[in-house]
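This briefing covers a protein chain and its ligand. The structure comes first, then the notes.

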Amino acid sequence: MASLTHPNLVILSGAGLSAESGVATFRGTDGLWEGHRIEDVATPEAFVRTPELVQHFYNLRRVALKTVEPNAAHHALVRLENAWPGGFLHVTQNVDDLNERVGAKRLLHMHGQLKKVRCVWCRTVLDWESPVTVDTPCPECGRTGKLRPDIVWFGEMPYYIDEIMRALETVDIFLCIGTSGVVYPAAGFVRLAAEHGCQRLIEVNLKPTGITSHFTEERHGPASIEVPRLVDELLAESMRI
Ligand code: OAD
C-alpha cells in the first residue's frame, strides 16, 4: 500500500553514478573488467583457484579508491536524503564509499564494500584499508588465507534482500541511476516496484538500457547533470504536497 502523504522513495544506483568520479564501470566494450574476465576475479571459484590474483585485483581497486572523489550526483543524493519528507532508501550495487563520504546514511550496499573484508572461517567482517595477501591472518581467529573481499561475487546471494523487498512493497517513486540492468536481482527491482503499485519509475542513464521499457520516465545524460536536476525537481514537488 502506497503512502497517502509523503511519497516513499527508493533509489537503485549502479556504476554510472560513480563513473564521472573516475571509478571504472563494469561492462567495457571489450567485455573485460579492468583487463580481466569477470569469472577470473569475481567468482568464489576464482578465489579458490587463484586467490593471489583475486586479492591483487581488489587490493588495486582499494588503492584506486583513494584517488577518486564524490561527484555532483553523490552530493545531490545526500541532499535529497536529508530533505526528503517521506521514506527514503538508497540501494547501491557499487562497492565504493563515495556516498558515505558525503554523508549518506540510509544506504545499503547490496554487492558489498571494497573497504571491508570477511573471514570465511570465523565470518567476522572487518573494516579494511591495506592490501590483503594469502598470508594475512584474520585479526579475530588468527587463521591465514581466510580473509576475502566482502564483495558479493557472481553466483552469491546479494546482501539486504529482505530489507530491499520490504521497501519495494511500499515505494511510490523508484529511481534507478547508472545501471545497465543486466545483473539480477537488482535488474528486476523496477518490475517488482511496478507490481506493488509504484506509478513513478524514473531511469537516469547515458543511454537506454535493456530495462528502459519498464520505466515511466527516462532522463538521458550524465548522472552529474541529470541527478542534481532531478533532485531539485523532486524536492520542489515535495514542498507542494
Ligand atoms: P555496468 O558497468 O554494467 O553499467 C553501467 C551503466 O551506467 C551503463 O548502463 C552506462 O550506460 C551507465 N553510465 C555510465 N556512465 C554514466 C554516467 N556518467 N551517467 C549516467 N549513467 C552512466 O554497471 P552496473 O549496472 O552497476 O556486480 O553493474 C551491475 C553489477 O554488475 C555490479 O554491481 C557488479 C557487476 O558485475 C557484482 O560485482 C556482483
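The notes below take the ligand site first and the chain as a whole second.

This is a predicted model, in which local features need pLDDT of at least 70 and side-chain atom pairs count only at pLDDT 80 or more, while totals for chains, interfaces and linings use all residues. Residues are numbered from 1 along each chain as its sequence is written, and side-chain values use heavy atoms, with hydrogens and water left out.

**Residues around the ligand**
- The ligand has 22 residues around it, where near means a heavy atom within 4 Å.
- Phe26, Arg27, Thr179, Ser180 and Asn205 come nearest to the ligand.
- The shell consists of 9 nonpolar, 10 polar and 3 charged residues; Asp, Glu, Lys and Arg count as charged, and Gly is among the polar ones.
- Helix α1, residues 15–19, gives the most to this shell, with 3 residues.

**Polar contacts and burial**
- A polar contact is a pair of N or O atoms within 3.5 Å.
- A side-chain N or O atom of asparagine 205 is 2.7 Å from an oxygen atom of the ligand.
- For glutamate 20, a side-chain N or O atom is 2.9 Å from a nitrogen atom of the ligand.
- At glycine 16, a polar backbone atom is 3.5 Å from an oxygen atom of the ligand.
- The ligand taken alone exposes 800 Å², and the protein buries 93% of that (Shrake-Rupley method, 1.4 Å probe).

**The chain**
- The protein chain has 9 helices and 9 strands, which are DSSP runs (H or I, at least four residues; E, at least two).
- Its C-alpha atoms fill a box of roughly 60 × 35 × 30 Å along the principal axes.

Terms used:
A polar contact is a pair of N or O atoms within 3.5 Å; within protein, one must be able to donate a hydrogen and the other to accept it, and residues adjacent in sequence count only if both atoms are side-chain atoms.
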